[in-house]
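Me: Could you walk me through this fold with some questions and answers? I would like the cut-offs spelled out as we go.

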Amino acid sequence: MNELKITLLGPSAVGKTSLLTSMYEQFKRISFQANIQLIPEAESNAILKKRLKELKSLAESFKVQPGAGIPGSSEVRSFIFDLAEQDKKPFLRLNFYDYPGGFISDKASPNEKKFVRELMNDAAAVVIAIDTPALMMSKGKFNEYVNKPKQITAMFKEAYKDIQEPRLVIFAPVKCEMEMRKGDRAAKQLLERIKKEYADLLNFLSSPTLNSQVAIAITPVQTLGCVVCTMIEEPRKDYLPTFGFRKISRDAQYNPQDNDQPLRYLLRFLLKIYNEKRTHKFLQVVMNWMGLDAHIKNALIQFSKGCKISGGFAVLQGKELL
């Protein structure tokens, strides 16, 4: 089985597991278009099923405090999905790595920092999950405490300082239902806020040594699709605010939107590498699974064509890599 690694970045409780859950659920609904399926490994499937049950049973209104994960946790989780033609053996494994929020803090141990650096070096893509309410509400004054852009930038500067081969970096603002429902103006404001709050990271990735090697995409994902963030409670002591959510209607059901986009961009990135025969340590994997039947390759090409580039979605850099 050929395997590709994808690194998930984001603090505890920002919504990375919910993102993967909704990504899988939405993929099941649209995959028939390309005649391919995404099959979770048994342990991953158990976690996703549990999380899906929680997401579908949300109350009409509820509160969330992102970033308030279990202190001192050292558990590294791997979510494994296999890609396969319908009713056929898998041809590609996607391994999404998630690790504790403490790994992206100033207090991280040397071994934890080394682990993250090596994982980012091995990954074809990095998905940065961004808590949208923390980014947008109260003029973003809690963004640093919740989303930790400075720590994430420092991690990239260490992990990407010597790369010589293409990478894909995806900024995925989650829980962005409010902004996306308001229309293009609000979606544009979301894009501009990401550019502002992550300016140091974007400047680093666009430096002369990296701008031809790194593709950057912004893909907002409506993790639940049925709720909006309506209020914020100021923190009392830990600098972590609490956000209040409510359903868009009393009978609104779990309905994630655009959670397929990170996967579409990843496949589009890999297809481009293959077609241009670039020197790349992932190329052998790509070439191996590209030895498949033509109709499977065509199905993957059709699926990757569904990448959105407007209405809040954008490619900031590396169009030639996508």
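Here are the questions and replies, starting with the ground rules.

This is a predicted model, in which local features need pLDDT of at least 70, side-chain atom pairs count only at pLDDT 80 or more, and totals for chains, interfaces and linings use all residues. Residues are numbered from 1 along each chain as its sequence is written, and side-chain values use heavy atoms, with hydrogens and water left out.

Me: In what order do the eight strands of the open sheet with mixed pairing stand?
Reply: Happy to start there. Strands are DSSP runs (E, at least two residues) and helices are too (H or I, at least four), numbered from the N terminus; two strands pair if DSSP finds at least two bridges between them. At the edges are β2 (36–40) and β11 (314–317), each pairing on one side only. The full order is β2-β4-β5-β1-β6-β7-β8-β11.

Me: Which residue of β4 is the bridge partner of Gln37?
Reply: Strands β2 and β4 run antiparallel and are joined by five bridges. Strand β4 (residues 77–85) is mostly covered, with seven of its nine residues buried; buried means under 20% relative accessible area, exposed over 50% and partly exposed in between, with a 1.4 Å probe and protein chains only. The partner of Gln37 is Ala84.

Me: Which residue takes a positive phi in the hairpin of β4 and β5?
Reply: These two strands pair in the antiparallel sense over eight bridges, and Ile80 stands opposite Asn95 in β5. The hairpin has four residues between the strands, and the phi in question is near 65 degrees. The residue is Asp87.

Me: What angle does the direction of helix α8 make with that of β7?
Reply: Strand β7 (residues 167–174) runs parallel to strand β8 (residues 214–218), with five bridges between them, and Val169 has Ile216 as its bridge partner in β8. Helix α8 (residues 184–197) packs on the sheet and touches β6, β7, β8 and β11. Axes here are lines fitted to C-alpha atoms, for helices over the stretch in contact, and angles run from 0 to 180 degrees between N-to-C directions. The angle is about 125 degrees.

Me: Why do β3 and β9 each have one side without a neighbour in the sheet?
Reply: They belong to an open antiparallel sheet in the order β3-β10-β9. Strands β3 (61–64) and β9 (227–233) stand at its edges, so one side of each is left free, because each has a single partner strand.

Me: How are α1 and α2 oriented: roughly parallel or roughly perpendicular?
Reply: The axes of α1 (residues 16–30) and α2 (residues 42–56) come within 9 Å and cross at roughly 95 degrees. Angles under 35 degrees count as roughly parallel, over 145 as roughly antiparallel, 65 to 115 as roughly perpendicular and the rest as oblique. That makes the pair roughly perpendicular.

Me: Is Thr21 buried or exposed?
Reply: Thr21 is placed in helix α1. Leaving aside neighbours within four places in sequence, Thr21 is in contact (heavy atoms within 4.5 Å) with Leu48, Arg51, Leu52, Leu55 and Tyr254. At 1% relative accessibility, Thr21 counts as buried.

Me: How many disulfides does a search of the whole structure find?
Reply: A disulfide is a pair of cysteine sulfur atoms within 2.5 Å. Cys176 counts as buried at 0% relative accessibility, and Cys307 counts as buried at 11%. The number of disulfides found is zero.
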